[in-house]
Amino acid sequence: MEEKRACIAEAGAIPQLKTLLTYHDAIAQENSVTALLNLSIYDKNKIQIMNVEGCLGSKARVLRFEYTIKARKNVAAILFNFFVVHEYKKRIAEEDGAVEALSTL
């Protein structure tokens, strides 16, 4: 399964999924977040997800604004998955509104 997650990320899916996070279509948002959650399980993909410009901010917006509860819960799962990496804890904490949104979820 990790091979599939690696192949999907290497094919350039992460920036495309990040773009879908900003769509005003709830199904596209949910599917994008769910795919990112599944990809983030593979440790090497965590690096790619965190390094995509604006991806962390897009996930924080999902937590803070009008997105569905399923999308918000999946973003929370992604961020909690990233908390195992010390460097990422700091970046998440510094992202505008991310920690507050997590605490209210």
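S32 sits in helix 3, which covers residues 26–40; helices here are DSSP runs of H or I with at least four residues, strands are runs of E with at least two, and both are numbered from the N terminus. The model is a predicted one, in which local features need pLDDT of at least 70 and side-chain atom pairs count only at pLDDT 80 or more, whereas totals for chains, interfaces and linings use all residues. Residues are numbered from 1 along each chain as its sequence is written, and side-chain values use heavy atoms, with hydrogens and water left out.

With a relative accessible area of 0%, S32 is buried. On this scale, buried means under 20% relative accessible area, exposed means over 50%, and partly exposed lies in between, with a 1.4 Å probe and protein chains only. Leaving aside residues up to four places away in sequence, S32 touches L17, K18, L20 and L21, a contact being heavy atoms within 4.5 Å.

L21 also turns up among the neighbours of K59, together with I49, V75, I78 and L79, again not counting residues up to four places away in sequence. K59 belongs to helix 5, residues 55–64. Although it is a lysine, K59 counts as buried, at 1% relative accessibility. From K59 to I78 the C-alpha distance is 8.9 Å, with their positions 19 residues apart in sequence.

Moving on along the chain, F65 lies in the loop between helix 5 and helix 6, the latter spanning 69–82. F65 counts as partly exposed, at 43% relative accessibility. The C-alpha atoms of F65 and A101 are 9.1 Å apart in space, while the two residues are 36 apart in sequence. A similar link in the chain involves T104, a residue of helix 8 (residues 98–104). The C-alpha atoms of T104 and R64 are separated by 9.3 Å, at 40 residues apart along the chain. T104 itself is exposed, at 63% relative accessibility.

Turning to aromatic rings, the structure holds two aromatic pairs. One of them joins F82 and Y88, whose ring centres are 5.7 Å apart and whose planes meet at 50°, so the pair is tilted. For this count, rings of Phe, Tyr and Trp (its six-membered ring) pair if their centres lie within 6.5 Å; planes under 30 degrees apart are stacked, over 60 edge-to-face, and the rest tilted. Both partners are buried: F82 at 0% relative accessible area and Y88 at 7%.

At the level of the whole protein, there are eight helices and zero strands. The radius of gyration is 13 Å, close to the 13 Å given by the globule rule for 105 residues, so the protein is as compact as a globular protein of that length; the radius is taken over C-alpha atoms, and the rule is 2.2 Å times the number of residues to the power 0.38. The C-alpha trace spans about 35 × 35 × 20 Å along its principal axes. Buried residues make up 43% of the 105 residues. Of the contacts with a separation of 6 or more, 63% come from residues 24 or more positions apart.

The accessible surface comes to about 6000 Å², and 55% of that belongs to carbon and sulfur atoms; areas come from the Shrake-Rupley method with a 1.4 Å probe, and for residues only the protein chains shown count as cover.
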